Amino acid sequence: MKYKNILFISHCPSPNTIKLSNHICMKVKLLNPNTSLICSNPFETSIKSFDLIDGVIISTTENFGYMAGATKDFFDRCYEGLREITQGLPVFYYVRAGLDGQGSQIAINKIMTGLKWKQVLPPLILRGKWQNNFIQKVEDQSLAFVNGIEMGIY
Ligand SMILES: Cc1cc2nc3c(=O)[nH]c(=O)nc-3n(C[C@H](O)[C@H](O)[C@H](O)COP(=O)(O)O)c2cc1C
């Protein structure tokens, strides 16, 4: 079976979002050693980062009713180039939103449609006051995504 590479584009500006991101990186490496999870922040992610990538996980915070500026910057720089070379790419994303999350979800879904990426799992919106069970929710969905990519289901 071909070794699979997953790009994790994670914007984590706060201790809680760093905790989520680090947890995913650690758990995926531990529980699915047959895949490679490449962790990247949005500013350092370019079209080149998608070479040999089989799936993408994106995490963003919601700021001012929209995805974080860092995440938007990644899409601004890479959208046109990616549209040509990544059609059908499986993707899963989650949003950490202190209040709402809907603005980010609407905006990201439009971009996913434009890119023709395949949302193989529904987005996870981690809304409201921080709860420790956010970590388990993100772990469950991320592992389901990574395992699905490994097995070629998606
Ligand atoms: C400048 C700023 C703007 C924000 N705007 C929103 C917003 O429009 N909607 C929302 O749900 N949360 C908003 N938040 C809250 C962030 O989503 C939240 O702080 C972030 O996801 C980090 O979560 P944490 O505090 O649990 O680490 C905002 C936070 C900041 C700092």
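Helices here are DSSP runs of H or I with at least four residues, numbered from the N terminus. Keep that in hand for the exercises below, and remember that we're working on a predicted model.

**Exercise 1. Place D140 and decide whether it is buried, partly exposed or exposed.**

Step 1: find the element. D140 sits in helix 4.

Step 2: count neighbours. D140 has 13 C-beta neighbours inside 10 Å. Buried takes 20 or more, exposed takes 12 or fewer, and partly exposed is what lies in between. So D140 counts as partly exposed.

Step 3: check it against a residue far off in sequence. D140 and I9 are 131 residues apart along the chain, and their C-alpha atoms are 18 Å apart in space.

**Exercise 2. Work out what span helix 4 should have, and where its buried residues point.**

Step 1: the length. Helix 4 has 19 residues, and at 1.5 Å a residue they should span 27 Å. The expected span uses one less than the number of residues. The end C-alpha atoms of helix 4 are 27 Å apart, so the two agree.

Step 2: the buried set. In helix 4 the buried residues are F134, V138, S142, F145, V146 and I149.

Step 3: the direction. Look down the axis of helix 4 and those buried residues fall within an arc of 95°, so they line one face of the helix.

Step 4: the other face. Turned away from the buried side of helix 4 are the exposed residues N133, Q136 and M151.

Step 5: the packing partners. Strand 1, helix 1, strand 2, strand 3, strand 5 and strand 7 pack against the buried residues of helix 4.

Step 6: what comes next. G152 follows helix 4, and its phi is positive, near 75°.

**Exercise 3. Do the same for helix 1: which of its residues are buried, and what covers them?**

Step 1: the length again. Helix 1 covers residues 15–31, and its 17 residues should span 24 Å at 1.5 Å a residue. Its end C-alpha atoms are 24 Å apart, which agrees.

Step 2: the buried set. T17, L20, S21, I24 and V28 are the buried residues in helix 1. They cover an arc of only 90° around the axis, so they end up on the same side of helix 1.

Step 3: the other side. There, P15, I18, M26 and L30 of helix 1 are exposed.

Step 4: the cover. Strand 1 (4–10), strand 2 (35–40), strand 3 (55–63), strand 5 (90–97) and helix 4 (133–151) are among what covers the buried residues of helix 1.

Step 5: the loop just before. C12 lies in the loop between strand 1 and helix 1. It touches T17, I18, L20 and S21, leaving out residues up to four places away in sequence. With 19 other C-beta atoms within 10 Å, C12 is partly exposed. C12 and T61 are 49 residues apart along the chain, yet their C-alpha atoms are separated by 7.3 Å.

**Exercise 4. Describe the largest nonpolar core: how many residues does it have, and which element gives the most?**

Step 1: the size. The largest nonpolar core has 33 residues, and I6, F8, I57 and Y93 have the most contacts inside it.

Step 2: the suppliers. Elements giving at least two residues each include strand 1, helix 1, helix 2 (69–85), helix 3 (102–115) and strand 7 (124–127). Strand 5 gives the most to this core, with six residues.

Step 3: zoom in on I57. Skipping residues up to four places away in sequence, I57 touches I6, F8, F92, Y93, S142 and F145.

**Exercise 5. Characterise the shell around the ligand: which residues are closest, and how does the shell divide by type?**

Step 1: the count. The ligand is surrounded by 15 residues, and the closest are S14, N16, A97, G98 and L99.

Step 2: the elements. Helix 1, strand 3 and strand 5 each supply at least two residues of the shell. Strand 3 gives the most, with three residues.

Step 3: the types. The shell residues divide into four nonpolar, eight polar and three charged.

**Exercise 6. Find the unusual phi values in L52 and F64.**

Step 1: the baseline. Most residues other than glycine have a negative phi.

Step 2: L52. Its phi is positive, about 65°, although L52 is not a glycine. L52 lies in the loop between strand 2 and strand 3, and it is exposed, with 11 other C-beta atoms within 10 Å.

Step 3: F64. Phi of F64 is positive too, near 50°. F64 lies in the loop between strand 3 and strand 4 (66–67), and with 8 other C-beta atoms within 10 Å it is exposed.

Terms used
Residues are numbered from 1 along each chain as its sequence is written. This is a predicted model: local features need pLDDT of at least 70, side-chain atom pairs count only at pLDDT 80 or more; totals for chains, interfaces and linings use all residues. The arc is that of the directions from the helix axis to the C-beta atoms. Two residues are in contact if their C-beta atoms, placed from the backbone, lie within 7 Å. A residue is near a molecule or strand if its C-beta atom, placed from the backbone, lies within 6 Å of it. Ala, Val, Leu, Ile, Met, Phe, Trp, Tyr, Cys and Pro count as nonpolar, Asp, Glu, Lys and Arg as charged, and the others, Gly among them, as polar. A nonpolar core is a set of buried Ala, Val, Leu, Ile, Met, Phe, Trp, Tyr and Cys residues joined through C-beta atoms within 7 Å.
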